[in-house]
Amino acid sequence: MPELPEVEVVRRGLERWVAGRTIEDVEVLHPRAVRRHPAGGVDFAARLRGETVGVPQRRGKYLWLPLAGRDLSVLGHLGMSGQLLVQPADAPDEKHLRIRVRFDDAAGTELRFVDQRTFGGLSLHDNTPDGLPDVIAHIARDPLDPLFDEVAYHLALRAKRSTVKRALLDQSLISGVGNIYADEALWRARLHYERPTATLTRPLSAELLGHVRDVMNAALAVGGTSFDSLYVNVNGESGYFDRSLDAYGREDEPCRRCGTPMRRRPWMNRSSYFCPRCQRPPRVVS
């Protein structure tokens, strides 16, 4: 599932190509793509006609298109394979095209939502006073947000009584971090994924947060992480950060720091990648 860097790359593309344009028509080609809009595809399309797209916004992994002058937004759920593409209007339809948005200008491009696995979709929501779609009002600020409160985050970590990777993936504590960038940040911080959050000192949690920011900014610089053709930016291009990963996906390869073979362990229906020498597991107290 796309994490913060991938979603931000898409947001920037939408800001360049879609912001300020007025919607002429919306075509819903698959009902599952609007299943989070309870009134259905006909209502979704009707309510968007004539609306103007504001500046696309993001919090963590969540992306939305505010409607200019309205307290409404179109929330994009990318899921496992969702893509928001800006394509020439005369380009052939993609095999898994689910929603088409046409604009009333002469730019010659349209917005397409493509989703092979149909886990994602678009939906229309009321905004909170802070400008967030109401269904994501509980999502915490992300580490690249200038208003992210580091002190409050550290106190929440200490109080959580959890383990560090679980806390990194808890979107109510910190948003935007998923499995890939959690493993990368923990490797950089030399922390085992099962380290109890109660043992993190203020300097250690600050160091970990710094590594989270560093790895996300590095991923942003090269367009995010693409392991297959499912994640692409609005122009259909893949990201290249998979070539720079230090932990994720590197089972049995030498640790770039000490040379010890990297390990993979099952973790919450996912996998955790770590160096058994650099990231020693916490001691079990009997």
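Here is a quick tour of a four-stranded sheet, two helices that pack against that sheet, and one loop residue.

A word on the ground rules: this is a predicted model, with local features needing pLDDT of at least 70 and side-chain atom pairs counting only at pLDDT 80 or more, while totals for chains, interfaces and linings use all residues. Residues are numbered from 1 along each chain as its sequence is written, and side-chain values use heavy atoms, leaving out hydrogens and water.

The sheet is open, with 4 strands in the order β2-β3-β4-β8 and antiparallel pairing. Helices (H or I, at least four residues) and strands (E, at least two) are DSSP runs, numbered from the N terminus, and two strands pair if DSSP finds at least two bridges between them. At the edges sit β2 (57-59) and β8 (121-126), each pairing on one side only. From one strand to the next, the twist averages 30 degrees; axes are lines fitted to C-alpha atoms, for helices over the stretch in contact, and angles run from 0 to 180 degrees between N-to-C directions.

Strand β4 (residues 72-77) is joined to antiparallel β8 by 6 bridges, and G76 faces L122 in β8.

Now the helices; contact means heavy atoms within 4.5 Å.

| Helix | Strands | Angle |
|---|---|---|
| α1 (residues 4-17) | touches β2 and β3 (62-66) | about 20 degrees with β3 |
| α2 (residues 41-48) | lies across β4 and β8 | about 60 degrees to β8 |

Finally, T163 sits in the loop between α3 (150-160) and α4 (164-168). T163 counts as buried because its relative accessible area is 14%, the cut-offs being under 20% for buried, over 50% for exposed and partly exposed in between (1.4 Å probe, protein chains only). Leaving aside residues up to four places away in sequence, T163 touches Y193, E194, R195, P196 and T197.
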